[in-house]
Amino acid sequence: MTALPLAADLGAARSQMAFTLGFHIVLASLGVAFPAMMLIANYRGLKRDDADALLLAKRWSKAVAVTFAVGAVTGTVLSFEFGLLWPEFTGRFGKVFGVLFAIEGIFFFLEAIFVAIYIFGWKRLSPWAHFWSGVPLVICGIGGAFSVVAVNSWMNQPQGFSPTTGNVTSVQPLKVIFNDAVPYEVPHMILAAYLVTGFLVASIYAVGMLRGRRDRYHRLGLLIPLTVACIAAPIQFFVGDTAARAIAHNQPIKFAGMECVQQTSTDVTEYIYGRCTSDGVKGGIGIPGFDSFLVGFSTDTQVTGLDSVPPDDRPPANTMLHWAFDTMVGICTMMIALGFWLGLAWLRRRDIPRTTWFLRAVAISGVAAIVAMECGWIVTEVGRQPWVVYNVMRTKDAVTDSSGIWVTLTLILLLYALLGIALVVVLRNMSRRWREEGDTDSDVPYGPSGGVPSEVTP
Amino acid sequence: MSEADAVAVVLWVGATMYAVFGGADFGAGFWSLVAGGERGGRARELVDWAIGPVWEANHVWLIFVLVVLWTGFSEAFGSIFSTLFIPLSLAALGIVLRGSGFAFHKAAHRLKGRSVAERLFGVSSLLTPFFMGTVVGAIASGRVPVGNAQGDPFTSWFNPVSLVIGALFVSTSAYLSAVFLVSDARRAGAPDLEQYFVARAFVAALVAGALAVAGLIALHADAHYVYDGLTSDALPLVILSALCGLGVLFLLSRGAQRGVRPLAVGAVVAVVWGWGVAQHPYLLPTNLKISAGAAPSDTLTSVLIVFGAAVLLVIPSILLLFTLAQRSLIEEGPGPASQPPT
């Protein structure tokens with residue numbers, strides 16, 4: 001009595017994957033980049049005997065612990081979904097990309113251990129030994145991000161296995177690990193993690209300053225992550241530009257979808273926003289020849305159009321794809337502008353800009369950075385459709401034949417909504433308690449359990 | 001031993017670690033759920049105190065098992081997860097709730113939030129081992145055919161073998177955990193809690209033993225291949241497990257201080273390996289052999305290399321953490337009050 005596969009289940013499976021991945025990627029970004037901010041504060045605190053910086057490092061380490069614990073949960077869900085949603089994909093290609101997850105597993109395990117060691121270390125280790133016990137977190141964050149994003153890169157540029165139809169009988173792991181999309185996709189995501197974390201943490205302190213808490217502690221809490229993010233933003237622009245050019249070459253149909261290029265031609269107009277139709281872009285701001293120029297530094301460059309493949313091989317939701325791409329680029333541009341603003345003020349007066357407009361801009365930059373990153377994932381994932389493994393396996397052939405995904409999707413939406421709310425409430429309560437009652441040690445997972453009072457911790 | 005067998009051994013090592021460490025944690029959640037009354041409150045405190053920092057690291061073993069399975073034996077992974085969609089979804093639900101309970105229980109300072117987190121933690125500690133057990137039962141009784149959702153979505157896991165093994169997983173977790181908590185109570189200097197968990201360890205051990213016998217009967221009726229394996233090649237391991245279990249009962253009744261924990265762990269390890277030996281050379285008895293379901297050689301080699309690296313990197317790190325944690329417990333952890341509060 002195998003249940004009949006319903007066409008609608010593919011939609012449910014894709015929605016569930018998109019939602020859980022979109023949720024996890026925010027926590028994963030914090031896991032990758034937050035320890036670095038924490039260590040910068042820790043270093044400054046030790047080197048300059050700066051009590052504010054040390055306090056920031058201590059509190060950030062607790063936020064790292066909570067977000068890491070929740071990220072571990074959402075990450076486990078993703079690993080279940082590899083089988084629950086996509087058994088044909090994992091059943092056929094797990095032997096190809098699986099090693100990358102095995103490597104990621106080591107980094108994840110070490111991260112879990114060193115988060116606990118760092119939290120314990122505040123009291124148990126000498127200050128510098130404690131600082132160094134945090135360094136593995138930064139390395140593991142980057143290593144873990146590499147491993148996971150390399151799997152996604154491989155889905156975009158599948159290689160290192162044969163045959164390409166039917167059962168895989170031969171695998172070249174190094175070709176899989178260092179596939180052609182790794183050089184641009186991996187740095188792009190690691191930088192995105194630093195941007196999201198930097199702007200998000202800075203935005204929290206910007207809100208605090210807007211509410212009148214303009215002490216040195218808050219300024220430092222704003223400046224450390226904001227500086228990191230503002231340095232990363234222009235690098236990200238350059239890496240992203242390189243990535244787009246590589247995609248125009250490696251995945252021309254994805255690029256055509258991103259830019260709404262219908263016919264293969266030269267002298268292609270670059271459209272900013274606008275509606276994609278089969279007759280070309282309606283509305284939007286057109287810059288003649290600029291799309292060709294961006295691809296090959298000359299308006300004579302030929303850009304492949306969607307018409308070069310049958311309709312079944314084109315990505316869906318073209319307008320959304322195009323808007324996601326433009327939004328990502330637009331937000332990154334504004335982040336660079338924010339960096340210039342800060343840089344100029346710093347050069348002139350060794351201070352952040354005086355106007356509250358600056359704090360307001362920083363206050364929204366955190367959410368904006370998350371929006372930009374989610375848009376980037378929409379571009380890479382929706383843009384790859386209808387393929388799960390580019391030009392090798394279609395998403396509809398990867399999905400499970402078991403029914404009931406609508407049930408799990410509904411449940412997941414509810415659960416994750418609660419999880420998200422609980423995470424924000426808990427982090428806010430922690431920060432309020434720090435302000436009102438000072439710091440305690442036993443309020444985080446991984447932390448020392450302390451004595452066990454019969455009541456809650458004082 | 002072939003390379004595929006070596007990777008299967010790695011898989012079983014992961015499963016063993018998860019059964020022991022994850023199981024003990026799930027069991028702690030079970031005791032925290034069923035503990036009632038004033039003494040129950042202190043028992044929950046002891047659970048909270050004892051679980052400590054490696055709590056969630058223990059569950060990394062599950063991810064380890066999943067990754068080794070889908071890398072080394074991709075087809076088996078796809079077959080298991082599509083046919084057993086329902087119990088695995090429910091096990092995942094348990095993991096989400098449990099992990100959230102862990103992430104928030106210390107930060108939830110208001111008592112109400114805290115008790116919600118504890119309750120979640122307890123219920124989910126039941127869900128996950130039970131449904132994991134039904135999955136193992138489905139595999140052992142040959143109800144997972146190769147292919148995308150080729151098995152029955154309900155009867156594959158809703159059958160006597162699966163249900164008994166599900167119950168066995170819950171009781172084994174409770175038993176392991178109670179044995180660990182006896183030592184923790186002693187370390188915390190709380191003799192009343194020591195007695196409390198000795199009694200519970202005793203009951204849990206008897207229940208687990210009875211369920212193990214029931215499981216053998218169910219396997220005899222329904223899963224001949226694995227039953228035959230358990231009563232021939234794997235018989236020494238089955239006997240070893242039974243002896244360990246009896247040893248635990250004996251030591252507990254004598255109030256012994258040493259040897260209980262290793263014996264309790266030994267009983268679980270022997271059962272996990274007994275299952276593995278019994279279904280060898282099959283991965284999915286009797287649908288897919290280890291050799292037939294294994295990944296290409298280069299992939300298997302990579303898995304073994306990564307496993308070697310993991311052992312070299314993770315073990316020293318975890319020892320460092322344990323050392324720090326123990327020191328911290330010794331220095332600042334008086335544990336629950338040695339007498340019940342009056």
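Helices and strands here are DSSP runs, numbered from the N terminus; a strand has at least two residues. The model is predicted.

**Exercise 1.** Find which residues of chain B the cis peptide bond with omega of about -15° joins, and place Thr286(B).

Solution. The bond joins Pro285(B) and Thr286(B). Thr286(B) sits in the loop that runs between strand 1 and strand 2 (288–289) of chain B.

**Exercise 2.** Find the partner of Pro281(B) in a cis peptide bond, and place Pro281(B).

Solution. The partner is His280(B), and omega is about 5°. Pro281(B) belongs to the loop between helix 11 (260–279) and strand 1 (282–284) of chain B. Most peptide bonds are trans.

**Exercise 3.** Decide whether Ala149(B) is buried or exposed.

Solution. A residue is buried if 20 or more other C-beta atoms lie within 10 Å of its own. Ala149(B) has 24 such neighbours inside 10 Å, so it counts as buried. Ala149(B) lies in the loop between helix 6 (111–140) and helix 7 (160–187) of chain B. Its phi is positive, about 55°, although Ala149(B) is not a glycine.

**Exercise 4.** Classify Asp267(A) by its C-beta neighbours.

Solution. Exposed residues have 12 or fewer neighbours, and partly exposed ones fall between that and the buried cut-off. Asp267(A) has 16 other C-beta atoms within 10 Å, so it is partly exposed. The loop holding Asp267(A) runs between helix 8 (252–259) and strand 3 (270–272) of chain A.

**Exercise 5.** State where in chain A pLDDT is under 50, taking residues 1–7 as one stretch.

Solution. Residues 1–7 of chain A stay under 50. Residues 450–458 of chain A are also below 50. Where pLDDT is low, the predicted coordinates should not be read in detail.

How values were computed: Residues numbered from 1 in each chain as written. Chains lettered and ligands numbered in written order. Predicted model: local features only at pLDDT ≥ 70, side-chain atom pairs only at ≥ 80, totals over all residues. pLDDT = per-residue confidence, 0-100. Contact = placed C-beta atoms within 7 Å. Helix = DSSP H or I, 4+ residues; strand = E, 2+ residues; numbered from the N terminus.
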